[in-house]
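I'm opening my notebook on this one. Below is the chain I'll be poking at, and after that come my entries.

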Amino acid sequence: MENLKPLTHGEETLMQVIWKHNVEYLKDIMLIYPEPKPHQNTISTFLKNLVEKNYLKTNLEGRIYRYEISITKSIYKKVLLKNFIENFYNGN
């Protein structure tokens, strides 16, 4: 898990929403996403990026994707902290 790709601010905000509410569908994300809400196409792009970066997995249900969390919030925080220590304190 140390090889997690970094998230943009928008991607991380979306993951925080997904982790907090455990939502699985784009329509549900759009309902609970905090204001100001990005356009639905922006959220779709973030979701696509999160799948490519292995933070989420997809399951096709008919014509709709259901998103599953691949990286838990606790794993993400551990990797962020480890990277911070390595980058700013030379691993000490």
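**Notebook: the hairpin**

I started with the hairpin of E1 and E2, where 2 residues sit between the strands and Gly 62 has a positive phi near 70°. Worth jotting down right away: this is a predicted model.

Next I looked up how the two strands run. E1 covers residues 56-61, E2 covers residues 64-69, and they are antiparallel, with 6 bridges joining them. I also checked who faces Leu 60, and I found Tyr 65 of E2 opposite. A reminder to myself: side chains in a regular strand alternate between the two faces of the sheet.

**Entry: helix H3**

I moved on to H3, which takes in residues 40-52, 13 residues in total. From first C-alpha to last I get 18 Å, close to the 18 Å expected at 1.5 Å a residue.

Which residues of H3 are buried? My list reads Ile 43, Phe 46, Leu 47, Asn 49 and Leu 50. They sit on the same side of H3, because the arc they cover around the axis is only 165°. The textbook rule helps me here: an α-helix has 3.6 residues a turn, so residues three or four places apart point the same way.

I then asked what covers these buried residues of H3. The cover includes helix H1 (9-21), helix H2 (26-32), E1 and E2.

**Entry: the loop after H3**

I followed the chain from H3 towards E1. Lys 53 has its place in the loop between them. Is Lys 53 buried or exposed? I noted a relative accessible area of 17%, so Lys 53 is buried, since the cut-off for buried is under 20%. I looked up its contacts too, leaving out residues up to four places away in sequence: Lys 53 touches Lys 5, Pro 6, Leu 7, Thr 8 and Glu 11.

Asn 54 lies in this loop between H3 and E1 as well. Its phi is near 70°, which is positive although the residue is not a glycine. Asn 54 counts as exposed, at 53% relative accessibility, whereas Lys 53 is buried.

**Entry: the aromatic rings**

I went hunting for ring pairs and ended up with 4 aromatic pairs. In one of them, the ring centres of Trp 19 and Tyr 76 are 5.4 Å apart and the planes meet at 40°, so I wrote the pair down as tilted. This pair links distant parts of the chain, with Trp 19 in helix H1 and Tyr 76 in helix H4 (residues 73-89), 57 residues apart.

Both rings belong to buried residues: Trp 19 has a relative accessible area of 13%, and Tyr 76 comes out at 5%.

How are the rings of Tyr 55 and Tyr 76 arranged? Their centres are 5.8 Å apart and their planes are at 75°, so this pair is edge-to-face. Tyr 55 is in the loop between H3 and E1 and Tyr 76 is in helix H4, so the pair ties together parts 21 residues apart in sequence. Tyr 55 counts as buried too, at 1% relative accessibility.

I drew the three as one group in the margin, since ring pairs link Trp 19, Tyr 55 and Tyr 76 into a cluster.

One more ring to note: Lys 27 lies over the face of Tyr 25, at 6.0 Å from the ring centre.

**Entry: helix H4**

I checked the span of H4 as I did for H3. Its 17 residues should span 24 Å at 1.5 Å a residue, and the end C-alpha atoms are 23 Å apart, which agrees. Just after H4 I spotted Asn 90 with a positive phi of about 50°.

**Entry: odd spots in the backbone**

Where is the cis peptide bond? I found it running from Glu 35 to Pro 36, with omega near -5°. Pro 36 belongs to the loop between H2 and H3.

I then went back to the loop between H1 and H2, where Asn 22 is found. Asn 22 is another residue other than glycine with a positive phi, near 50°. Asn 22 is exposed, with a relative accessible area of 52%.

Notes:
Residues are numbered from 1 along each chain as its sequence is written. This is a predicted model: local features need pLDDT of at least 70, side-chain atom pairs count only at pLDDT 80 or more; totals for chains, interfaces and linings use all residues. Side-chain values use heavy atoms; hydrogens and water are left out. Two strands pair if DSSP finds at least two bridges between them. Helices (H or I, at least four residues) and strands (E, at least two) are DSSP runs, numbered from the N terminus. The expected span of a helix is 1.5 Å times one less than its number of residues. Buried means under 20% relative accessible area, exposed over 50%, partly exposed in between (1.4 Å probe, protein chains only). The arc is that of the directions from the helix axis to the C-beta atoms. Contact means heavy atoms within 4.5 Å. Rings of Phe, Tyr and Trp (its six-membered ring) pair if their centres lie within 6.5 Å; planes under 30 degrees apart count as stacked, over 60 as edge-to-face and the rest as tilted. A charge sits over a ring if NZ of Lys or CZ of Arg is within 6 Å of the ring centre and within 35 degrees of the ring normal.
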